Amino acid sequence: MAQYARTKGSIALITLTNPPVNALSSAVRKGITETVSRALNDTQVKAVVLCGENGQFCGGADIKEFAKPMSGPALVPMIHAIEAGEKPVVAAIEGIALGGGLELALGCHYRVAHAKARMGLPEVTLGLLPAAGGTQRLPRLTGIPTALELITTGRHITAQEALKLGIVDKVTDGNVVDAAMEMALSVIGRPLSPRRLSTLSTPPLANLDGVFEAAMAQVKRRSRGAMAPVACVKAVRAAAELPYSQGMKRELELMGTLMSSGQAKALQYCFFAQRAVGKWSLPNGAQWNNSRPRDIRTAGVIGLGTMGRGIVVSLVKAGISVVAVEMEEKQLDLGRKEVTGILERDAKRRGVTAPLHLISFALSLQSLRGVDLVIEAVFEDMELKKRVFADLSRVCNQNTMLCTNTSGLDVDQIASVTDRPPLVVGMHFFAPAHVMKLLEVVCGPRSSAEAVATAMSLGKRMGKVSVAVGNCPGFVGNRMLKSYMDESVFLLEEGASPEQVDQALEEFGFALGIFKVGDLSGLDVGWRVRKSSGLIGPDVNPTFPSRVRQGRRYCPLPDLLCEQGRWGQKTGRGWYLYDSAGGRVARPDPEIQRFLQDYRLRYGIPSRRISEQEVVERCVFALANEGFQVLEDGMAAGPEDIDMVYVFGYGWPRHRGGPMFHAAQVGLPRVLQRLEFYYRENPDIPHLQPSALLRRLVGAGSPPIQQWKQYIRSTHSQL
Ligand SMILES: CC/C=C\C=C\CC(=O)SCCNC(=O)CCNC(=O)[C@H](O)C(C)(C)COP(=O)(O)OP(=O)(O)OC[C@H]1O[C@@H](n2cnc3c(N)ncnc32)[C@H](O)[C@@H]1OP(=O)(O)O
């Protein structure tokens with residue numbers, strides 16, 4: 001699918017047609033190959049312009065085809081034919097030129113871009129490298145440092161930046177195809193050799209070894225075990241050190257290794273899963289494409305603690321006018337200072353003016369009367385939240401949507417104190433809310449389709465990945481996290497140290513080990529929750545052994561730590577030791593070793609050597625097992641939703657696809673067998689008991705993850 005037309009007498013116009021992004025499917029590659037050959041062989045044609053239909057140049061290779069056997073003409077010879085041809089070819093870049101799309105443009109002799117176009121080589125985010133000559137042509141054009149940065153990060157750049165870097169020759173505000181035609185006419189007859197990037201040498205660079213060593217160290221530090229960024233550095237190094245043809249061989253070889261890797265499959269799964277979670281549906285038939293979101297222009301935020309501040313910043317950056325409310329003047333001033341500071345720093349970084357005119361600060365809920373939507377972000381306390389919602393019900397217009405930022409409380413109970421339960425939803429942000437990409441949209445049993453649609457679309461406007469989840473304690477993310485955290489402390493009881501557990505999890509790919517995360521977010525938070533849920537305090541039955549609570553194994557280690565005032569970074573001591581209160585650098589603390597030894601002695605628990613494999617399996621398989629239960633309970637629509645919650649909200653390594661994808665990749669029979677083994681060893685830990693859905697899937701021969709939904713027997717699905 002590429003259309004051919006002859007215009008202006010001597011110009012052949014080739015238009016890529018494959019909506020929505022003109023991806024280079026086998027049909028498109030065939031179309032380009034044929035039309036380019038036609039243009040080169042037509043003696044009337046003096047130059048060629050290549051563009052894309054519907055304002056999009058090209059979104060790169062068709063990612064859906066990666067899972068199938070290759071068919072149709074290959075990209076590399078197709079691009080080579082364009083570059084080697086004896087007629088000038090100009091790429092007219094509108095919308096996007098990404099991945100193979102930019103590589104195609106780099107094979108052209110000239111490039112003209114629309115001012116709003118975006119370009120980039122994002123293959124690394126799909127576990128690949130730009131293997132249609134991108135790793136060899138770009139360094140020859142921009143020099144090695146720029147090419148290294150663009151290829152290893154996959155960053156999209158604007159047309160203006162592309163012009164500065166020499167990636168495009170001209171930027172226009174007007175019709176890009178007209179501008180490309182004009183350029184094509186003006187270059188007819190000029191020598192093409194200097195425009196063939198593959199024939200150039202990379203610009204000389206002093207200290208080549210140093211540059212590549214630093215780049216390699218940086219990607220290894222950033223990528224936490226991801227293979228693609230490392231391969232990208234190797235491929236660019238080949239461009240610097242080898243002739244083009246040998247560089248291309250190296251590129252192909254490295255691509256071959258990546259293409260067949262589990263990491264590329266995981267990252268490509270993430271690409272589609274991220275898009276799939278936007279396509280929500282409710283049991284009553286309402287869904288993303290039949291429910292209209294409201295147009296939100298003004299919003300109120302109640303509570304200017306860490307979460308509230310981040311929410312205000314996210315809303316303002318999305319262009320929404322915000323009224324930020326605090327009850328105490330001192331807190332309000334502090335919040336104002338913080339929010340203003342974040343917005344000013346962000347604007348400075350982006351070279352724009354901070355949109356401070358969009359925020360007003362107030363000390364009373366009355367100021368929220370006329371807003372379209374309110375997000376409450378007060379303390380995680382049901383009685384307090386209910387009081388706020390009852391007040392909001394009185395104060396706000398009848399039509400105002402009311403949202404609660406809660407990390408696990410019952411949204412329906414909160415809705416029940418209002419006069420408008422259908423207009424109440426949960427919006428669970430993750431700290432810091434202006435940075436973290438995840439938003440769990442909690443659909444209460446009475447939340448209307450319009451309210452869910454509005455919260456989902458508002459999340460998207462704020463740049464979040466919004467995932468619709470059911471209303472159960474902890475929703476999806478925190479509910480699953482409980483099993484993972486419980487396993488980590490049980491491992492301490494049995495002989496592991498916090499640094500050993502963290503190291504195993506970080507090797508697996510988590511940004512931070514679980515104990516470092518605990519210290520960072522404050523150990524007192526969970527302590528307060530455990531007290532309010534009756535796990536600690538007067539409600540605990542004194543006749544029960546203290547390592548059993550509410551009928552299951554319980555580890556009091558975190559409580560004992562909190563009793564000692566070790567609340568994490570904020571107190572300078574937690575599972576680790578820090579230089580001072582608020583310190584960030586975690587050091588192992590010998591006192592913790594003694595504390596653990598005393599504890600084991602007191603409870604008569606024999607200490608044993610725990611392998612890295614056991615740490616990862618017990619934590620990660622327990623997490624996935626709870627995920628299967630979440631699916632069975634109808635609290636997440638599919639495994640993709642769970643995986644996106646973990647990738648975007650909990651530091652799960654994207655190149656492992658998410659806990660459910662990881663379970664599928666390890667093999668469901670293996671996961672089942674390991675869970676059975678650990679459950680046999682620990683019959684007092686119910687979350688190690690394999691879920692019925694996992695057993696059913698294994699019984700059905702472990703169907704691919706895309707088919708799991710067919711095996712869910714949820715009788716009360718909320719999604
Ligand atoms: C030897 C091998 C040689 C060469 C190898 C080359 C490798 C590549 O080229 S890999 C592909 C590189 N390209 C990309 O990574 C771009 C991926 N796409 C995007 O980043 C975005 O989709 C976007 C193009 C910036 C558009 O974003 P947005 O406007 O937000 O829309 P989306 O919802 O993301 O996408 C709409 C629709 O299009 C589908 N899609 C997008 N890109 C591709 C693609 N490259 N292949 C197949 N499908 C693509 C996307 O899935 C959406 O589909 P829906 O069904 O509507 O959900």
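This is a short presentation on the domains, two sheets, ligand surroundings and one lysine of a single chain.

Good morning. Please keep in mind throughout that the model is predicted.

I begin with the overall layout. The chain is divided into domain 1, residues 2–259, domain 2, residues 298–474, domain 3, residues 496–603, and domain 4, residues 612–711. Between the C-alpha centres of domain 1 and domain 2 there is a distance of 43 Å.

An annotation can be set beside this division. In an unreviewed UniProt entry, the domain annotation "3-hydroxyacyl-CoA dehydrogenase C-terminal" covers residues 474–578 and 615–702. Within the span 615–702, helix accounts for 67% and strand for 0%. The end C-alpha atoms of that span are 25 Å apart.

I turn now to the sheet that contains strand 1. Six strands form an open sheet with mixed pairing, in the order 1-2-3-4-6-9. Its edges are strand 1, residues 2–7, and strand 9, residues 170–172, each of which pairs on one side only. Direction ignored, neighbouring strands of this sheet are turned by 20° against each other on average.

Let us follow the pairings from the edge inwards. Strand 1 and strand 2 are antiparallel and share six bridges, with Tyr4 standing opposite Ile14 in strand 2. Three residues lie between these two strands in their hairpin, where Lys8 takes a positive phi near 45°. From strand 2 to strand 3 the pairing is parallel, again over six bridges, and here Leu16 stands opposite Gly52. Strand 3, residues 47–52, then pairs with strand 4, residues 89–93, in the parallel sense over three bridges. In that pairing, Leu50 has Ala91 as its bridge partner.

Strand 2 merits a closer look. How many of the six residues of strand 2 are buried? Six of its six residues, 11–16, are buried. In a regular strand, side chains alternate between the two faces of the sheet. On one side of strand 2 we find Ile11, Leu13 and Thr15, and on the other Ala12, Ile14 and Leu16; with these residues all buried, both faces are covered.

The second sheet is built from eight strands. It is also open, with mixed pairing, and the order is 12-11-10-13-14-15-16-17. Strand 12, residues 359–362, and strand 17, residues 465–470, are the edge strands, each pairing on one side only. The twist from one strand to the next averages 25°. At the strand 12 edge, strand 11, residues 321–325, pairs with strand 12 in the parallel sense over four bridges. Ala324 stands opposite Phe361 of strand 12.

Next, the ligand. Which residues are closest to the ligand? Of the 22 residues that surround the ligand, the closest are Ala23, Gly60, Ala61, Gly99 and Gly100. By class, this shell holds 14 nonpolar residues, four polar residues and four charged residues.

Finally, I should like to consider Lys249, which is located in helix 10, residues 244–259. Why does Lys249 count as exposed? A residue is exposed if 12 or fewer other C-beta atoms lie within 10 Å of its own. Lys249 has 12 C-beta neighbours inside 10 Å, and therefore counts as exposed. Lys249 and Gly638 are 389 residues apart along the chain, and their C-alpha atoms are separated by 41 Å.

Thank you. I shall be glad to take questions.

Conventions:
Residues are numbered from 1 along each chain as its sequence is written. This is a predicted model: local features need pLDDT of at least 70, side-chain atom pairs count only at pLDDT 80 or more; totals for chains, interfaces and linings use all residues. UniProt positions are given in the numbering used here, feature names are shortened, and annotations may be inferred rather than shown by experiment. A residue is near a molecule or strand if its C-beta atom, placed from the backbone, lies within 6 Å of it. Ala, Val, Leu, Ile, Met, Phe, Trp, Tyr, Cys and Pro count as nonpolar, Asp, Glu, Lys and Arg as charged, and the others, Gly among them, as polar. Domain bounds come from an automatic or database domain assignment. Two strands pair if DSSP finds at least two bridges between them. Axes are lines fitted to C-alpha atoms, for helices over the stretch in contact, and angles run from 0 to 180 degrees between N-to-C directions. A residue is buried if 20 or more other C-beta atoms lie within 10 Å of its own, exposed if 12 or fewer, and partly exposed in between; C-beta atoms are placed from the backbone.
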